[in-house]
Amino acid sequence: MKYLLVLVTMFSLFTVCSCDRRSGKTLPSEIEMTLAPQEDFYLLLEYEYMGAHSTEDPRLRFVTKEPLAALYLDDVQIEVRNFRYNDVYGNTFYDYSFNLFDSEFIAGSGDTIRYHIVLEEKSIEGSLVMPNMPIHIEQTFDPMDDLNLEWSLTANPRKQELDVQVQSDSYSVSYYKDLPTDVREHTIARSTWQNVANIENVSVNLRTINYEFRHGGLICFVCKSSYWPWDSLGMPNESDILKRIITKNIQLP
Amino acid sequence: MQKTLSLILLIIVLFHLSSCDESSSQGMPSALEVILNPTLDYYLMIEVEEYEDETLLNYVYLVSKQALSSMSLDGSDLTISSISYDGRSGYYSYNLMPEDGNFGEQLSVELVYSARTITSSIQMPPRIIMDPPAFDPANDWNLEWELQQDPDLQYFLQWYRAEDTSYVSRFVELDSKVRDYSVPKSTWEILGEIRSAEFGLEAQNYQYHDGGFISVFSSYDYYQMPVSVQSRSQWRFQRVLKLCERLQYEKEGSR
């Protein structure tokens with residue numbers, strides 16, 4: 001399995017939509033952004049939450065045909081951690097990652113974030129709202145039952161998407177749905193995972209996305225909210241056990 | 001997820017990284033087609049890969065519209081090591097464990113589905129014979145190799161990594177008759193001090209067959225930490241570190 005080191009860093013797989021085959025622009029996948037970029041630049045900022053807590057340093061990525069001179073979010077200059085210069089069969093572009101954790105940038109979900117991108121030949125300024133965080137009403141996964149998902153979300157984003165991964169040691173099923181932005185529940189039929197024996201892990205991921213095409217590029221803010229209704233031992237997760245203790249379905253000694 | 005990600009990434013490497021163009025009936029399908037919008041009944045990729053220490057690795061991957069019942073190569077059934085189903089594309093992806101493959105052999109392929117069986121035969125490209133000079137950041141890297149038959153396609157894929165983990169990656173398609181390639185030192189000059197250099201040379205044959213696409217690769221991989229001369233054990237240790245690092249990146253990439 002060669003060459004994966006570099007390529008793995010080039011994208012994650014879940015920002016969706018296929019190629020734009022219509023006259024209007026749709027949100028490209030991150031794969032397309034970073035393997036076959038069509039726009040002059042792509043600014044991608046993603047927050048990930050498990051429960052109410054941010055789990056990681058926000059993920060900030062900038063893909064551009066021109067070298068980046070500086071990037072500011074809310075007037076805070078964000079330090080470049082590293083970059084990749086890609087020449088993919090003649091299609092050349094830079095792909096930058098950043099040290100957000102060490103910066104003074106503090107905006108959260110639901111905040112309007114100002115961006116200022118300084119390229120060698122031009123400067124782009126604007127603002128966009130980081131979407132609100134979807135709050136899951138966590139469900140227990142039962143392989144013999146449909147999975148009924150519910151969540152709350154304060155404001156409708158421009159795009160809302162759901163993916164669910166059901167995995168065993170040797171078989172994985174991914175479910176994806178591009179949802180209307182005002183929807184707050186969704187049911188996945190149990191037939192989706194009927195071929196997966198000995199399920200080891202189930203993950204539920206909701207993404208709310210705001211984006212805009214501007215000055216020949218794309219600015220995309222993503223809020224990802226995740227939970228795992230089934231843990232690696234094939235048991236309900238800890239939060240479910242806690243709920244059952246609270247509701248006295250499990251008696252403590 | 002990790003397996004799915006790895007499979008998808010390999011598809012990216014093995015297919016042309018063209019944009020959103022629809023594939024032509026005779027050309028290579030694009031990686032984006034295979035990943036995001038597969039249209040053929042199946043895409044089969046078989047690879048024999050040689051590292052500079054003469055380690056041989058074999059890979060078989062299948063992206064398929066229908067669930068696969070079984071697969072054989074040269075009459076030997078393959079074990080399916082992992083399956084993933086992508087609800088977005090509606091396609092299955094299979095990672096299969098082949099027997100030891102041989103360079104240059106005529107491979108007979110059989111894919112068994114519930115409703116039909118696909119059989120075909122395809123010529124694996126010959127072994128790429130190469131003894132690359134050590135990478136010297138101060139000079140162009142001049143490479144030569146032997147390949148007894150011209151493949152349908154030939155690629156040179158290269159990565160240069162700096163101390164701060166910045167990269168230059170460059171993928172080049174070579175004429176199938178070419179047997180040498182010079183990488184100008186300007187390729188990595190943007191990085192400053194180089195921590196590692198890596199390349200893969202790929203020879204590929206392919207065919208469209210019975211509603212699907214079959215491609216076979218022989219490849220030669222080279223990896224070097226060029227800054228200082230290392231012992232073999234140090235080099236192997238670095239390979240392990242690299243694997244760990246890759247897994248970490250996969251973890252990050254899957255978020």
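Two strands count as paired here if DSSP finds at least two bridges between them. That rule is handy to keep in mind for the views below, which all come from a predicted model.

**View 1. Strands S9, S10 and S13 of chain B line up in an open sheet.** The order across this three-stranded sheet is S9-S10-S13, with antiparallel pairing. Strand S9 (129-130) and strand S13 (180-183) of chain B are the edge strands, each pairing on one side only. Look next at the join between S9(B) and strand S10 (residues 141-146) of chain B: the two run antiparallel and are linked by two bridges. To find your place in this view, start at Met130(B), which stands opposite Trp145(B) in S10(B). As a reminder for anyone tracing the backbone, strands of a sheet pair through backbone hydrogen bonds, either parallel or antiparallel.

**View 2. Strands S1 and S2 of chain B make a hairpin.** Strand S1 (residues 42-51) and strand S2 (residues 56-64), both of chain B, run antiparallel and are joined by nine bridges. A useful landmark is Tyr43(B), with Val63(B) of S2(B) opposite. Four residues lie between the two strands of the hairpin, and Glu54(B) in the turn has a positive phi of about 75°, a torsion you may like to check for yourself.

**View 3. On to the pairing of S2 with S6 in chain B.** S2(B) also pairs with strand S6 (residues 91-97) of chain B, in the antiparallel sense and over five bridges. Here Val60(B) has Leu96(B) in S6(B) as its bridge partner. While you inspect the side chains, recall that in a regular strand they alternate between the two faces of the sheet.

**View 4. A close look at Thr79 of chain B.** Thr79(B) belongs to strand S5 (residues 79-86) of chain B. Is Thr79(B) buried or exposed? Thr79(B) is exposed, because 10 other C-beta atoms lie within 10 Å and the cut-off for exposed is 12 or fewer. Neighbours within four places in sequence aside, Thr79(B) is in contact with Leu96(B) and Met97(B). Leu96(B) is the residue met in View 3 as the bridge partner of Val60(B). For a sense of scale, Gln66(B) is 13 residues from Thr79(B) along the chain, and their C-alpha atoms are separated by 18 Å.

**View 5. Chain A, for context.** Chain A contains three helices and 16 strands. Of its 253 residues, 41% are buried. Among contacts in chain A with a separation of 6 or more, 60% are between residues 24 or more positions apart.

Notes:
Residues numbered from 1 in each chain as written. Chains lettered and ligands numbered in written order. Predicted model: local features only at pLDDT ≥ 70, side-chain atom pairs only at ≥ 80, totals over all residues. Buried ≥ 20, exposed ≤ 12 C-beta atoms within 10 Å, placed from the backbone. Contact = placed C-beta atoms within 7 Å.
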